Amino acid sequence: MGVGGWLNSRPVAEKMSKDITRLSEGQGAVANGTTALLVILASAPGLPVSTTHVACGSIFGVGLHTTSVQWKTVKQIALAWVVTLPIGFVMSLVAFLLFRH
């Protein structure tokens, strides 16, 4: 995870900060504040949430309000969210079955 973050954090940050919708400083502060609040609220009862997912949702919410959402980018992100969970499950299962002995 560390290597993946080190290698890919910049493209992910640019995708979130520029490609979903353009944000002013105030809009960015609202999106970040919303992200922080939701992650804190989810952490209290121990709900597993992805900060990146919550941040994308917050940015998307601001974009909906300003009507400047880049729908192609939102579709790409949503597809990645839907696809990565089952792929992770299958890869983990295969690795477990291969290396359990």
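These legends go with a set of close-up views of a predicted model.

**View 1. A nonpolar patch on the surface.** Here we look at F89, V90, L93, V94, F96, L97, L98 and F99, which together make a nonpolar surface patch of about 860 Å². Two of its members are worth picking out. F99 sits in helix α4, which covers residues 71-99. With a relative accessible area of 67%, F99 counts as exposed. L97 belongs to helix α4 as well, but L97 is partly exposed, at a relative accessible area of 41%. To place L97 against another part of the chain, take Q27: the two are 70 residues apart along the chain, and their C-alpha atoms are separated by 47 Å.

**View 2. M91 in helix α4.** This one centres on M91, a residue of helix α4. Is M91 buried or exposed? M91 counts as exposed, because its relative accessibility is 56% and the cut-off for exposed is over 50%. For a sense of distance, pick L64 as the partner: M91 and L64 are 27 residues apart in sequence, and their C-alpha atoms are 35 Å apart in space.

**View 3. The salt bridge between E14 and R10.** Side chains of opposite charge can pair when their charged atoms come close. In this model E14 forms a salt bridge with R10, and the closest N and O atoms are 3.5 Å apart. That fits the rule used here, because the side-chain nitrogen has to be within 4 Å of a carboxyl oxygen. The count for the model comes to one salt bridge. Where do E14 and R10 sit along the helix? They are four residues apart in helix α1 (residues 2-19), so about one helical turn separates them. The two ends of the pair also have their own accessibility values: E14 is partly exposed, with a relative accessible area of 34%, while R10 is exposed, with a relative accessible area of 63%.

**View 4. Helices α2 and α3, and the loop between them.** Two packed helices are described by the angle between their axes and the distance between the axes. For α2 and α3, the axes come within 9 Å and cross at roughly 140°. The pair is therefore oblique, since an angle has to be over 145 degrees to count as roughly antiparallel. As for handedness, the crossing of α2 and α3 is right-handed. Zoom in on the loop between α2 (25-43) and α3 (51-66) and you'll find L47. L47 is exposed, with a relative accessible area of 52%. Compare its position with G33: the two residues are 14 apart along the chain, and 19 Å separates their C-alpha atoms.

**View 5. Helices α3 and α4, and T67 in the loop.** How do the axes of α3 and α4 cross? They come within 12 Å and cross at roughly 155°. That makes α3 roughly antiparallel to α4, because angles over 145 degrees get that label. The crossing of α3 and α4 is left-handed. The loop between α3 and α4 holds T67. Check the backbone here: phi of T67 is near 55°, a positive value in a residue other than glycine. T67 also counts as exposed, at 69% relative accessibility.

How values were computed:
Residues are numbered from 1 along each chain as its sequence is written. This is a predicted model: local features need pLDDT of at least 70, side-chain atom pairs count only at pLDDT 80 or more; totals for chains, interfaces and linings use all residues. Side-chain values use heavy atoms; hydrogens and water are left out. Patches are made of residues with over 30% relative accessible area and no salt bridge: like charges are joined within 9 Å, nonpolar side chains (Val, Leu, Ile, Met, Phe, Trp, Tyr) within 5 Å. Accessible areas come from the Shrake-Rupley method with a 1.4 Å probe; for residues, only the protein chains shown count as cover. Helices (H or I, at least four residues) and strands (E, at least two) are DSSP runs, numbered from the N terminus. Buried means under 20% relative accessible area, exposed over 50%, partly exposed in between (1.4 Å probe, protein chains only). Axes are lines fitted to C-alpha atoms, for helices over the stretch in contact, and angles run from 0 to 180 degrees between N-to-C directions. Angles under 35 degrees count as roughly parallel, over 145 as roughly antiparallel, 65 to 115 as roughly perpendicular and the rest as oblique. A crossing is left-handed if the near helix is turned anticlockwise from the far one by less than a right angle, and right-handed if clockwise.
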